[in-house]
Amino acid sequence: MSEVRCRLGGEWYHDQFSNPLLLDWLKKWLDQARERSTKGVVAYKTAYESLKACPITFTHPQQLRQLRGFGDKLCARLTDQMKKHCEQNGLAMPRRPGLSKEARASLSALTASGTANTADDTTATGGPSRKARKPKSYVPAYRSGAYALVLALSTLEEGSRTGLTKNELIEIAQDHCDSSFTAPSDTTKFYTAWNSMKTLLDKDLVYEKGRPMRRYFLTEEGWEVAKRIKQSLSSSTREPGASESTAAGSARAADVVPRAPSPAPPNEKERSPSVEPMDPPPPKPSFHNVVVDGTDDATEDGALPNFSPIRLAPGTFTVHLLLDVREVRAKTDRDYIQDELAKKGVKPIVRALEVGDVQWVAKTHDPAALTRHGAEGDEVVLDWIVERKRLDDLISSIKDGRFQEQKFRLRRAGVKNVIYVVEEISMDSTYFQKYEESVQSALASMQVVNGYFVKKTQKMDDTIRYLARMTSMLRKLYEEKPLLVIPTKVLTAQNYLPLLRHLRETQPDRDYHITYPAFASLASKSDMMTLRDVFLKMLMTTRGVTGEKALEIQKRWKTPYELVKAFEACGSGEQGLKRKREMISNGLPSMVARKKIPKAVSQKLSEVWGDTSVRNCLRFGETLQSETV
């Protein structure tokens, strides 16, 4: 070691010690750690003081493991440093010899004073000891915040003194991370991907300099991690189908296209953390009279209209994503979803949607193309719609009965493929366990009974990426083939669903669409709310009455007035009360499975509809109607 030192020359400060060259390197690293304010200061200082107090001359850095403060990592770094100096000065790298008897005796004496390690290997103590477990090197998770930050800092030249500010670092790192660096994935928490910077600082992979404008740099250990990441990425790109894009995308490809159609929820938005109404609500286009109500006889197949569809040739339109204006991340961050979609190449059209949270439309290049053929507007609704719900919002809708009503209204939208996105945010485990079975049952029911496609995501950022991939897929699916549009003049609120059902059964290889104004007119509650709809909604407010059960009751008793009159005919007294309780369950005896009315539900309905106040209200309404006439 002394020979190596003499040949290197230079100005030295540790000539009076036994290992001056090693002390010089340690002192240099200690000063750098102090300058960068890293946690390595304590480790370097402990090793430096331990080596200064040691009278033994070491010929190889690996021998320093016997001293306090020297571990595998520090010894390996000193070994690399010695190799570099020997190569630069044409010296032979010293071999790693064992300790002499005198050195062992000196170390034994130092052990008592605390300078040497107490868990030495056999070369130090001469006795057997357990093999120390080699600590695992830190490797950031793929596309995590730490992963993205290390890759972003590695865009600098190694040894660069400029560094990157927080804003510059976030701008580069965001493309490599699945989470946002500026907004928490959960609105109830404050953690973003930027919090990974603390982990990198604690592990001495990154250091910061400057106040108040901090700049961030990779340490030598940080550069090693960055090189390993880049090496793994480059090796994976050489393997077919294993690049960063395909490795992440292939695993998610099956999630893009639903295997089964799935409807979107109602027009009425719930007040929840994930869906908040604008205040004041924005004005929306008036499509009130675009589609007429029609008559009940139009629902029969023989009365369905004949028409020649409007044909839009490929290249005359483009597919766009419609985002409901009430889909916001928080009251103070209303543009987050549309901004993140725009970053992914999908610029959404934001408006108040009548049904669902996200839709896709084909927008014609020529604004008058549909008008010339007797239709309206310049947008055609595609057969895809998305309803987004957070897990806590889904539980709330199941508890208060809105969930069943929403599923019933989804069927009336007439859209073939409806996707139900459930964001499984973190919740209190005790609270979630109370409703876990109900949630699983509801999700299974949507898929098996209703045929909806359920997509689960962990956070809003995952939902945004899913919508971006869906938009890309739908553009490839629709923009290369012609679109067939049903003329609005043949549509009525009564024949719309029967007509779609008839077309899908008789022409399964062709898809028919309607214009967006016609769809909005049909979906708006003011246009669709008939006495039958009101009656069904009234029935479903009773706990246990699903959409299927309500439909069967409505088929037996057409209006609320008929149901109340039926209860009146049951008479009074004990026998009359018994007949009322069993009237609905006995009146629908042939119903099976989900449509069967249990006696408990029948009793609840009798308590509501057989009440005297209900009969009086209906009679008062009948009187007002006769006086008006």
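Tutor: A charge sits over a ring if NZ of Lys or CZ of Arg is within 6 Å of the ring centre and within 35 degrees of the ring normal. Please keep in mind that this is a predicted model.

Student: What makes Arg77 a residue whose charged end sits over the ring of Trp29?

Tutor: The charged end of Arg77 is 4.1 Å from the centre of the Trp29 ring, and the cut-off for the distance is 6 Å, so the distance condition is met and Arg77 is listed as sitting over that ring. Arg351 is another case, for it lies over the face of Tyr516 at 4.7 Å from the ring centre.

Student: Why is the pair of Phe535 and Trp609 called edge-to-face?

Tutor: The structure holds eight aromatic pairs, and in this one the ring centres are 5.7 Å apart with the planes at 80°. Centres must lie within 6.5 Å for a pair, and planes over 60 degrees apart count as edge-to-face, so Phe535 and Trp609 satisfy both conditions. The pair also links distant parts of the chain, since Phe535 belongs to helix 20 (residues 531-540) and Trp609 to helix 24 (residues 599-609), 74 residues apart. Both Phe535 and Trp609 are buried.

Student: How do you know that Arg143 and Asp204 count as buried?

Tutor: Buried means under 20% relative accessible area; Arg143 has 15% and Asp204 has 18%, so each falls under the cut-off. Arg143 is in the loop between helix 6 (122-125) and helix 7 (145-153), whereas Asp204 lies in the loop between helix 9 (196-202) and strand 1 (206-209).

Student: What makes the phi of Arg143 and of Asp204 worth a remark?

Tutor: Most residues other than glycine have a negative phi. Arg143, which is not a glycine, has a positive phi of about 60°, and the phi of Asp204, also a residue other than glycine, is positive and near 60°.

Student: Why is helix 21 described as largely enclosed by the rest of the structure?

Tutor: Eight of the 10 residues of helix 21 (residues 547-556) are buried, and therefore the helix is called largely enclosed. The buried residues include charged-type names such as Glu548, Lys549 and Glu552 beside Leu551 and Ile553, and what covers them includes helix 14 (402-410), helix 20, helix 23 (573-587) and helix 24.

Student: What makes strand 3 and strand 11 the edges of their sheet?

Tutor: The open sheet has three strands in the order 3-10-11, with mixed pairing. Strand 3 (310-312) and strand 11 (512-513) each have a single partner strand, so one side of each is left without a neighbour in the sheet.

Student: How do you know that strand 10 and strand 11 pair?

Tutor: Two strands pair if there are at least two bridges between them, and strand 10 (residues 483-485) and strand 11 are joined in the parallel sense over two bridges, so the condition is met. On strand 11, His513 is the bridge partner of Val485.

Student: What makes Leu321 stand out in the largest nonpolar core?

Tutor: Leu321 is one of the five residues, with Trp360, Ile419, Met470 and Leu474, that touch the most other members of this core of 34 residues. The largest share of the core, nine residues, comes from helix 16. Leaving aside residues up to four places away in sequence, Leu321 touches among others Leu341, Val346, Trp360 and Leu467.

Terms used:
Residues numbered from 1 in each chain as written. Predicted model: local features only at pLDDT ≥ 70, side-chain atom pairs only at ≥ 80, totals over all residues. Heavy atoms only, no water. Phe/Tyr/Trp six-rings, centres within 6.5 Å; stacked < 30°, edge-to-face > 60°. Helix = DSSP H or I, 4+ residues; strand = E, 2+ residues; numbered from the N terminus. Buried < 20%, exposed > 50% of the residue type's maximum accessible area, 1.4 Å probe, protein only. Core = buried A, V, L, I, M, F, W, Y, C linked by side-chain atoms within 4.5 Å. Contact = heavy atoms within 4.5 Å.
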